[in-house]
Amino acid sequence: MEEKSLAEMQREVDRYISQFKEGYFSPLALMARMSEEVGELAREVNHSYGEKKKKADEADNSIELELGDIMFITMCFANSLGIDLTEAHNKVMHKFNTRDANRWTPKDTE
């Protein structure tokens, strides 16, 4: 499977959404949709790793697909607000590498 950069994925999502008159949902609607998708991911994780197993007649969703849905909604949200997710990622990593530099116990590097 072809590797894509985050910027390429954002452009791909934008091309998809741009073909429809409705365009992007409002930020509030996107936030609600993201919350729904996170709930669906939680349900799948609970089925796979928790005590609550699926019923025999329940659809066979996957953690992978739910994470993909969350990525899609995240890209829609970012695109609708003009946010470059690569830049957002870089800022978050800088924050973790500075603010949290001594927060965790490093693995031995022997």
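**Overall fold and two residue environments in a predicted helical chain**

Alanine 101 lies in the segment that follows helix α4, which spans residues 85-99. In this predicted model, the relative accessibility of alanine 101 is 47%, and the residue is therefore classed as partly exposed, since that class covers values between 20% and 50%. The C-alpha atom of alanine 101 is 33 Å from that of leucine 30, and the two residues are separated by 71 positions in sequence.

The secondary structure of the protein chain consists of four helices and zero strands, giving the pattern α-α-α-α along the sequence. The radius of gyration of the protein chain is 18 Å, whereas a compact globule of 110 residues would have a value near 13 Å. Along the principal axes, the C-alpha atoms occupy a box of roughly 55 × 40 × 35 Å. Of the 110 residues in the protein chain, 18% are buried. Among contacts with a sequence separation of 6 or more, 63% are between residues 24 or more positions apart.

The accessible surface of the protein chain amounts to about 8900 Å², and carbon and sulfur atoms contribute 55% of this area. With regard to charge, the protein chain carries 22 negative and 15 positive side chains. The centres of these two sets are 4 Å apart.

The unreviewed UniProt entry assigns the feature "domain: NTP pyrophosphohydrolase MazG-like" to residues 25-104. In the model, residues 25-104 are 71% helix and 0% strand. The C-alpha atoms at the two ends of this range are 39 Å apart.

A second position, cysteine 76, was examined within the helical part of the chain. Cysteine 76 is located in helix α3, which comprises residues 63-81. Its relative accessibility is 4%, so cysteine 76 is classed as buried, the cut-off for that class being under 20%. When residues up to four places away in sequence are left out, cysteine 76 is in contact with Val13, Ile17, Tyr24 and Leu30. Leucine 65 is 11 residues away from cysteine 76 in sequence, and the C-alpha atoms of the two residues are 16 Å apart.

Leucine 30 thus appears in the description of both positions: leucine 30 is touched by cysteine 76, and its C-alpha atom is 33 Å from that of alanine 101. In terms of accessibility, cysteine 76 counts as buried at 4%, whereas alanine 101 counts as partly exposed at 47%.

Terms used. Residues numbered from 1 in each chain as written. Predicted model: local features only at pLDDT ≥ 70, side-chain atom pairs only at ≥ 80, totals over all residues. Heavy atoms only, no water. Buried < 20%, exposed > 50% of the residue type's maximum accessible area, 1.4 Å probe, protein only. Contact = heavy atoms within 4.5 Å. Rg over C-alpha atoms; globule rule 2.2 N^0.38 Å. Areas by Shrake-Rupley, 256 points an atom, 1.4 Å probe, with all protein chains shown as cover. Lys, Arg positive; Asp, Glu negative; His and termini not counted. Charge placed at Lys NZ, Arg CZ, Asp CG, Glu CD. UniProt positions renumbered as here; feature names shortened; annotations may be inferred.
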